[in-house]
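I opened this model to look up its sheet, its cores and a few single residues. My entries follow in the order I made them.

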Amino acid sequence: QALILGSSRVMKIAPATVERLTGLRTFNAGNLTAYAEDHYVMLRYAVEQAGAQPRLVLLGLELEALHDQEPMNEFLLERNPFSAFLQKGENRHGRWNRLVKLLSWNETRLSLRSLQHWAAVSKPAEPQLRIDPDGRLVYVHLEKALAAGTLNLESLVQQSARMAIRRYQNYKSPSADRIDYLDATLRYAKERNIRVIVFLTPVHRAVRAELKPYAAKDAEFVAAIQQAAARWSAECHDLRYVESFQGRPDGFYDGTHVDAD
């Protein structure tokens, strides 16, 4: 009855919390890396293939959702039940693309690393990530460190800041194609009487400070999201500043991913 859509930044939102607040059975359908086209495809798949009948969509967005220099997720360029919902006739690489990737140096390097790990380790390493049945993401190692009081948040925030700066440096302006996909998502929901709440995802204050030189780019992508929400009568909330909703300033696993509380 309620879907959470967005990147890994929304995947710590507990469906149980949304259910408690709304009374709607909830699933977290966020993706580890997600752009506007991923949200569109996921919503259509949920409704048209998975049999969901959502009354509410919580859509978390950030600059990456409309990034004009980031390529589409390769999974969507292969033939599968999700890529069938792309609306722009994007090229599907299919079997040929899988063969090329199989023979690539990167694939070979990763395969060799896996073999070395298998030969050297007597038992499988504990995964760093786990996704629960309700779609909620678990940072296995980070959550153990947080519980033990050993999480080095300052170092992780610095890493996030460096990554964010690179993304902003590579970004020029909101992608027209991705704005179209955002519009398509909101239009699809409105046509089916699905309430949409768009929100800009929280960012740690130290990362915000590092991104001040890119304030103009920030304002442009925020305006693009707000305008799209207004076109389709969707609610829109800027939650980048945790102070705006009485959140904890250091309630993060790193600079862009909020913790479970």
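**Entry 1: the sheet.** I note at the outset that this is a predicted model. I looked up the strand order and found an open sheet of 5 strands, β2-β1-β3-β6-β7, with parallel pairing. I then checked the edges. β2 (26-28) and β7 (235-238) each have a single partner strand, so one side of each is left without a neighbour in the sheet. On average, neighbouring strands here are turned by 15° against each other, direction ignored.

**Entry 2: one strand pair.** I took β1 (residues 2-5) and β2 for a closer look. These two strands run parallel and are joined by 3 bridges. I looked up Ala2 and found that its bridge partner in β2 is Thr26.

**Entry 3: helices across the sheet.** I asked which strands α1 and α2 lie across. Helix α1 (residues 15-22) lies across β1, β2 and β3 (56-61), and it runs at about 150° to β2. Helix α2 (residues 36-48) lies across β1 and β3, and I noted an angle of about 155° to β1.

**Entry 4: the cores.** I looked up the largest nonpolar core and found 51 residues in it; Leu59 and Leu182 have the most contacts inside it. The elements giving two or more residues to this core are β1, α2, β3, α6 (153-170), α7 (176-191), β6 and α9 (215-231). Of these, α7 gives the most, with 7 residues. I then listed what Leu182 touches, leaving out residues up to four places away in sequence: Ala36, Leu59, Leu61, Leu66, Ile225 and Ala228. Another core, of 16 residues, lies apart from the largest one; among its residues are Val10, Val18, Leu156 and Ile197. As background, I wrote down that nonpolar side chains tend to be buried together in soluble globular proteins.

**Entry 5: Thr201.** I found Thr201 in the loop between β6 (195-200) and α8 (205-210). Is Thr201 buried or exposed? Its relative accessibility is 1%, so I entered Thr201 as buried, the cut-off being under 20%. The side chain of Thr201 makes a polar contact of 2.9 Å with the side chain of Glu62. Not counting residues up to four places away in sequence, Thr201 touches Arg9, Val10, Gly60, Leu61, Glu62, Leu239 and Arg240.

**Entry 6: Leu137.** I placed Leu137 in strand β5 (residues 137-139). Leu137 has a relative accessible area of 0% and is therefore buried. I also checked a pair distant in sequence: Leu137 and Ala14 are 123 residues apart along the chain, and their C-alpha atoms are separated by 8.8 Å. With neighbours within four places in sequence left aside, I found Leu137 in contact with Met11, Lys12, Leu32, Leu129, Arg130, Ile131 and Glu143.

**Entry 7: Ser175.** My last lookup was Ser175, which is found in the loop between α6 and α7. Ser175 counts as buried because its relative accessibility is 13%. Which backbone nitrogen lies 3.3 Å from a polar atom of the Ser175 side chain? I found that this nitrogen belongs to Asp177. Ser175 also touches Leu66, His67 and Asp68, not counting residues up to four places away in sequence. I had already listed Leu66 among the residues that Leu182 touches.

How values were computed. Residues are numbered from 1 along each chain as its sequence is written. This is a predicted model: local features need pLDDT of at least 70, side-chain atom pairs count only at pLDDT 80 or more; totals for chains, interfaces and linings use all residues. Side-chain values use heavy atoms; hydrogens and water are left out. Two strands pair if DSSP finds at least two bridges between them. Helices (H or I, at least four residues) and strands (E, at least two) are DSSP runs, numbered from the N terminus. Axes are lines fitted to C-alpha atoms, for helices over the stretch in contact, and angles run from 0 to 180 degrees between N-to-C directions. Contact means heavy atoms within 4.5 Å. Buried means under 20% relative accessible area, exposed over 50%, partly exposed in between (1.4 Å probe, protein chains only). A polar contact is a pair of N or O atoms within 3.5 Å; within protein, one must be able to donate a hydrogen and the other to accept it, and residues adjacent in sequence count only if both atoms are side-chain atoms. A nonpolar core is a set of buried Ala, Val, Leu, Ile, Met, Phe, Trp, Tyr and Cys residues joined through side-chain atoms within 4.5 Å.
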